[in-house]
Every structure is written in C-alpha cells, then in structure tokens.
Amino acid sequence: MLRADSVLIPGFEQGLGVLASALRALLEGLSLGTVLLGLLVTLRQAWLAWRRRLRGSPGFPAVRLTFGSWLAMALEFQLGADIVATSTSPTGSHLVQLAVVAVIRTLLNVFLARDLDAEKAHQASAAERCP
C-alpha cells in the first residue's frame, strides 16, 4: 500500500524547488534591471551636472552617490536571490556566495552612508555661506 506522505512530500519538495527557482530568477532580473535603471538615471544626472559645471556648479559627488545607491539596491535583490537559492539547496558554494554578497552589501552601505552624510554636511555648509 502506498503511503500518502511518500507521494506528497516529493511532489511538495519539487513544487518548492520550482517556486524557489522562479523567485530566484525574478530577483536576479530585478537586480539587473535596477543596475540598468540606475545607470540610465546616473547618466542623465551626470549630463545635467556636467552642464551645470559649465556654469560653476560641481555635481559629480552627487552623481557618484546616486549610482552607489542604485548598486546597493541591486545588491539587496541579489542577496535575496542568494538567500532563496541557499535555502533550497544549501551547498558550500551557495553559502560562500551568500556570505560574499552580504559582506559587499554591508561595506557598500556603510561607505555610502558615510559619503551621504559628508555630502549633506557639505551642502549645508555651502548653503550657510551663500545667503
């Protein structure tokens, strides 16, 4: 006699595997789309900053911070994809990949936050100097 759990469990596990694969592909696609969109936004901002620079207004630190913010968001999606992959098949390579992405994302966020604070302080001091 066939037991119900012996039939349902493999089917359930297979369904979870398909769902996890689809979710990972979606998250990786979102990551790539975020980088592309961030690049387009940053290129537009760089063009406008370059045109303002001709009139004496430097804007390239803000451009760099904008692209860094987009990259940080893309890394968040990539980290989500790696978590999904690791939760369904926790191999050594997936765990290493997850750890590397987590460290890179954390370092990027720390330095990006520091740069944003410095840029805000710089803008505030420039605003105080110019009445």
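# Salt bridges and a few helix neighbours

A search of the whole structure turns up four salt bridges. Keep in mind that this is a predicted model. Below we'll walk through some of those bridges, then take a look at two residues of helix 1, Ser31 and Gly33.

**Arg24 and its two partners**

- Let's start inside one helix: the side chains of Arg24 and Glu28 come together in a salt bridge, with N and O 3.0 Å apart.
- Both Arg24 and Glu28 belong to helix 1, which covers residues 4–53, and they sit four residues apart, or about one turn of the helix.
- Is Glu28 buried or exposed? Glu28 falls in between: its relative accessibility is 26%, so it counts as partly exposed, since that class runs between the 20% and 50% cut-offs.
- Arg24 has a salt bridge with Asp82 too, and here the closest N and O atoms are 3.9 Å apart.
- This second pair links distant parts of the chain, because Arg24 is in helix 1 while Asp82 is in helix 2 (residues 60–88), 58 residues apart.
- Asp82 is buried, as its relative accessible area is just 2%, and the cut-off for buried is under 20%.

**A bridge between helix 2 and helix 3**

- Asp115 and Arg64 also meet through their side chains, forming a salt bridge with an N to O distance of 3.0 Å.
- Which parts of the chain does this pair tie together? Asp115 lies in helix 3 (residues 92–129) and Arg64 lies in helix 2, so the bridge connects parts that are 51 residues apart in sequence.
- With a relative accessibility of 25%, Asp115 counts as partly exposed.
- Back to Arg24 for a moment: salt bridges with shared partners join Arg24, Glu28 and Asp82 into one network.

**Ser31 and Gly33 in helix 1**

- Ser31 is part of helix 1, and at 6% relative accessibility it counts as buried.
- What does Ser31 touch, once residues up to four places away in sequence are left out? The answer is Ala74, Phe77 and Gln78.
- Gly33 also has its place in helix 1, and its relative accessible area of 35% makes it partly exposed.
- Ala74 comes up again with Gly33: the two are 41 residues apart in sequence, and their C-alpha atoms are 8.2 Å apart in space.

Conventions
Residues are numbered from 1 along each chain as its sequence is written. This is a predicted model: local features need pLDDT of at least 70, side-chain atom pairs count only at pLDDT 80 or more; totals for chains, interfaces and linings use all residues. Side-chain values use heavy atoms; hydrogens and water are left out. Buried means under 20% relative accessible area, exposed over 50%, partly exposed in between (1.4 Å probe, protein chains only). Contact means heavy atoms within 4.5 Å.
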